[in-house]
Amino acid sequence: MEKSHRTLVQALGLGPREHVALVGGGGKTTLLFTLAEELKQAGRHLVTSCTTKLWHREACTAPTVLFTEKDPAWRAKIKEVFKTGGYVFLARDLLQTGKVMGISPSLADGLFQDTAIDYLILEADGAAGHPVKAPSEHEPVIPGSATKVIAMLGVEALGRRLEPSMAFRIDLVSKLTGVPPGERLVPPAVVRLFLNHEGLFKGSPDGAHRIVFLNKLDLLKERGIAKELASVILEKGQGKIERVVMGSVEGGEYEVLRGRSENNGIDL
Ligand SMILES: Nc1nc2c(ncn2[C@@H]2O[C@H](COP(=O)(O)OP(=O)(O)OP(=O)(O)O)[C@@H](O)[C@H]2O)c(=O)[nH]1
Ligand SMILES: [Mg+2]
């Protein structure tokens with residue numbers, strides 16, 4: 001059964017303390033800062049970061065950006081920022097390319113042990129702006145203490161032909177889905193991106209909830225194809241996928257399809 005939600009916290013079923021890792025393509029950064037703003041408005045203490053690379057201009061969406069290599073007082077500064085009702089984007093260093101280098105998974109794990117931090121939200125994968133990706137050998141980079149892993153896909157790719165404009169690491173996408181380049185990305189094939197052990201959830205901690213997020217629903221004239229994908233994922237996922245969220249992060253609308261476990265999330 002589907003359920004509509006207005007907040008990401010509800011749609012994702014977040015508890016009072018979570019370590020969230022975002023993988024896949026089609027809206028990770030947008031979701032990261034939309035969720036951060038929701039949690040900030042609710043007075044929660046959160047840190048945003050990445051274990052990959054991300055544009056500095058994107059990191060600057062956060063009220064404060066701290067670099068662990070440049071600033072020995074970064075830990076104390078996070079607490080200072082909490083007192084002002086803000087939040088931090090934490091990175092290792094600023095690169096000449098205009099990107100920031102992310103933190104290590106072990107630093108992320110250590111950070112989440114600090115109970116002053118309610119939420120740690122990380123971008124743990126890169127898709128170079130494409131709606132679809134498949135992970136390479138060294139991707140994604142998910143810390144062991146992650147409690148929720150959210151694998152995203154931009155639904156504008158569904159039913160479209162597999163082309164370089166659509167998919168990052170197109171050869172791997174083709175291999176995982178079984179769709180040859182130039183053929184259509186139909187739901188029964190796309191399911192494998194989420195359920196194959198070499199797919200988007202690769203390296204997720206055993207205890208973490210796995211959530212599929214089908215984003216940019218606003219771009220679809222006919223939503224049936226996204227719903228078809230969502231139900232096949234839950235059916236074939238056999239309880240491994242806790243929920244599928246279909247929605248539009250930019251439009252602020254979310255529909256949730258549940259797996260076996262019931263989890264309504266906290267009320268902010
Ligand atoms: N129409 C629409 N566009 C969206 C939505 N969410 C994100 N986008 C757009 O999709 C593009 C990619 O979004 P990002 O948030 O940068 O995606 P990402 O997964 O972080 O991408 P990479 O960091 O390159 O891997 C941007 O142009 C966003 O503005 C949405 O809900 N609807
Ligand atoms: Mg991004």
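Helices here are DSSP runs of H or I with at least four residues, and strands are E runs of at least two, both numbered from the N terminus. You are looking at a predicted model, in which local features need pLDDT of at least 70 and side-chain atom pairs count only at pLDDT 80 or more, while totals for chains, interfaces and linings use all residues. Residues are numbered from 1 along each chain as its sequence is written, with chains lettered from A and ligands numbered from 1 in the order in which they are written.

**Stop one: ligand 1.** Select ligand 1 and its shell, counting residues whose C-beta atom, placed from the backbone, lies within 6 Å of the ligand. You should find 18 residues, the closest being Lys28, Thr29, Thr30, Ala127 and Glu250. Helix α2 (residues 28–41) supplies the largest share of this shell, three residues.

**Stop two: the core.** Next, show the largest nonpolar core, meaning buried Ala, Val, Leu, Ile, Met, Phe, Trp, Tyr and Cys residues joined through C-beta atoms within 7 Å; buried requires 20 or more other C-beta atoms within 10 Å of a residue's own, with C-beta atoms placed from the backbone. Among its 84 residues, Leu22, Ala151 and Leu214 touch the most other members. Helix α2 gives the most to this core, with six residues.

**Stop three: Ile150.** Now pick isoleucine 150, in strand β11 (residues 148–154). Why is isoleucine 150 classed as buried? Because 29 other C-beta atoms lie within 10 Å of isoleucine 150. Beyond its neighbours within four places in sequence, isoleucine 150 is in contact (C-beta atoms, placed from the backbone, within 7 Å) with Leu12, Val20, Leu22, Ile211 and Phe213.

Note on methods
Buried ≥ 20, exposed ≤ 12 C-beta atoms within 10 Å, placed from the backbone. Contact = placed C-beta atoms within 7 Å.
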